[in-house]
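Hi everyone, thanks for making time for this. I'd like to walk you through a structure that may be new to you, so please have a look at the screen.

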Amino acid sequence: MAIRKIREMGDSVLTKVCKEVTEITPRTQILIEDMLDTLYESGGVGLAAPQVGVLKRIVVIDVGDGPLVLINPIILETGGSQTGDEGCLSLPGKSGVVTRPNYVKVKALDEDMEEVIYEGEELLARAFCHELDHLDGHMYVEKVEGSLHDLEYEEE
């Protein structure tokens with residue numbers, strides 16, 4: 001479909017609370033497809049609709065096990081904790097240390113507006129928390145322990 005422009009920190013759209021999705025329209029379906037295309041093009045693991053300028057409660061995540069589409073997601077349960085580097089497509093080239101739950105259970109709707117429940121640990125748990133924060137106008141930098149640092153890329 002299309003690669004959308006990722007909004008960067010400082011853009012007011014990233015500070016707004018998103019609206020619930022009540023139906024899947026053709027425009028919503030295109031948005032989801034574009035979000036997945038944008039996620040894969042950018043090399044990220046998650047993308048929330050406000051990051052592409054749309055104030056809808058939609059998140060796409062792929063930690064390497066195939067894409068998850070979450071519409072109106074809510075966290076049902078969390079457990080444990082993990083502390084590690086976290087980055088964001090809306091703040092390219094930077095990362096910071098953030099503590100998140102190590103286990104997260106979420107409930108959402110899929111593209112057919114059917115209820116789904118996902119459980120994730122480690123990276124997937126971190127991605128659930130990170131992306132759902134975006135839907136309420138929050139970025140990971142609010143949770144960074146210490147200061148942000150330049151993202152280090154491994155040479156191939």
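**A short walk through the chain**

Let me start at one particular spot: E122 sits in the loop between β7 (115–121) and α2 (123–135). This is a predicted model, so please keep that in mind for everything I say. E122 is not a glycine, and yet its phi is positive, at about 55 degrees. Is E122 buried or exposed? With a relative accessible area of 52%, E122 is exposed, because the cut-off for that word is over 50%.

There is another residue to put beside it. N72 also has a positive phi of about 55 degrees without being a glycine. You will find N72 in strand β3, which covers residues 68–79. N72 has a relative accessibility of 13%, so it counts as buried.

Now let's step back to the whole chain. How many helices and strands does the chain have? There are two helices and eight strands. If you start at the N terminus and read along, the order is α-β-β-β-β-β-β-β-α-β. So how does the overall size fit the length? For 156 residues, a compact globule would be expected to have a radius of gyration near 15 Å, and the chain agrees, because its value is 15 Å. Along the principal axes, the C-alpha atoms fill a box of roughly 40 × 35 × 35 Å.

What about the inside and the outside? Of the 156 residues, 43% count as buried. The chain exposes about 8,300 Å², and carbon and sulfur atoms supply 47% of that area. As for charges, there are 14 positive and 31 negative ones, and their mean positions are 10 Å apart.

Next, a word on who meets whom. Take the contacts between residues at least 6 apart in sequence: 66% of them join residues at least 24 apart. A few residues can give you a feel for the contacts.

My first example is M35, in helix α1, which spans residues 26–42. M35 is buried, because its relative accessible area is 0%. Which residues does M35 contact, leaving aside neighbours within four places in sequence? They are L47, A48, A49, V52, I58, V59 and V60. For a sense of distance, consider M35 and E145: they are 110 residues apart in sequence, and their C-alpha atoms are 29 Å apart in space.

Then there is S90, in the loop between β4 (82–87) and β5 (94–100). S90 is in a loop, and with 1% relative accessibility it counts as buried. Beyond its neighbours within four places in sequence, S90 is in contact with I6, R7, E8, M9, L14, Q51 and M139. Look at R7 in particular: S90 and R7 are 83 residues apart along the chain, and 5.8 Å separates their C-alpha atoms.

My third example is V63, which lies in the loop between β2 (58–61) and β3. V63 counts as partly exposed, at 25% relative accessibility. Setting aside residues up to four places away in sequence, V63 touches V45, L123, L124 and A127. V63 and V17 are 46 residues apart in sequence, with 25 Å between their C-alpha atoms.

Let me finish with the cysteines. A disulfide is a covalent bond between the sulfur atoms of two cysteines. How many disulfides does a search of the whole structure find? The search finds zero. Why is there no such bond for C18? The cysteine sulfur closest to that of C18 belongs to C88, and it is 13 Å away, which is too far for a bond. Looking from the other side, the closest cysteine sulfur to that of C88 is in C18, at 13 Å, again too far. For comparison, the pair of sulfur atoms would have to be within 2.5 Å to be counted as a disulfide. And where do these cysteines stand on accessibility? C18 counts as buried, at 6% relative accessibility, and C88 is buried too, with a relative accessible area of 8%.

That's the tour. Thanks for listening, and I'm happy to go back to any part of the picture.

Conventions
Residues are numbered from 1 along each chain as its sequence is written. This is a predicted model: local features need pLDDT of at least 70, side-chain atom pairs count only at pLDDT 80 or more; totals for chains, interfaces and linings use all residues. Side-chain values use heavy atoms; hydrogens and water are left out. Helices (H or I, at least four residues) and strands (E, at least two) are DSSP runs, numbered from the N terminus. The radius of gyration is taken over C-alpha atoms; the globule rule is 2.2 Å times the number of residues to the power 0.38. Buried means under 20% relative accessible area, exposed over 50%, partly exposed in between (1.4 Å probe, protein chains only). Contact means heavy atoms within 4.5 Å. Accessible areas come from the Shrake-Rupley method with a 1.4 Å probe; for residues, only the protein chains shown count as cover. Lys and Arg count as positive and Asp and Glu as negative; His and the chain ends are not counted. The place of a charge is taken as NZ of Lys, CZ of Arg, CG of Asp or CD of Glu.
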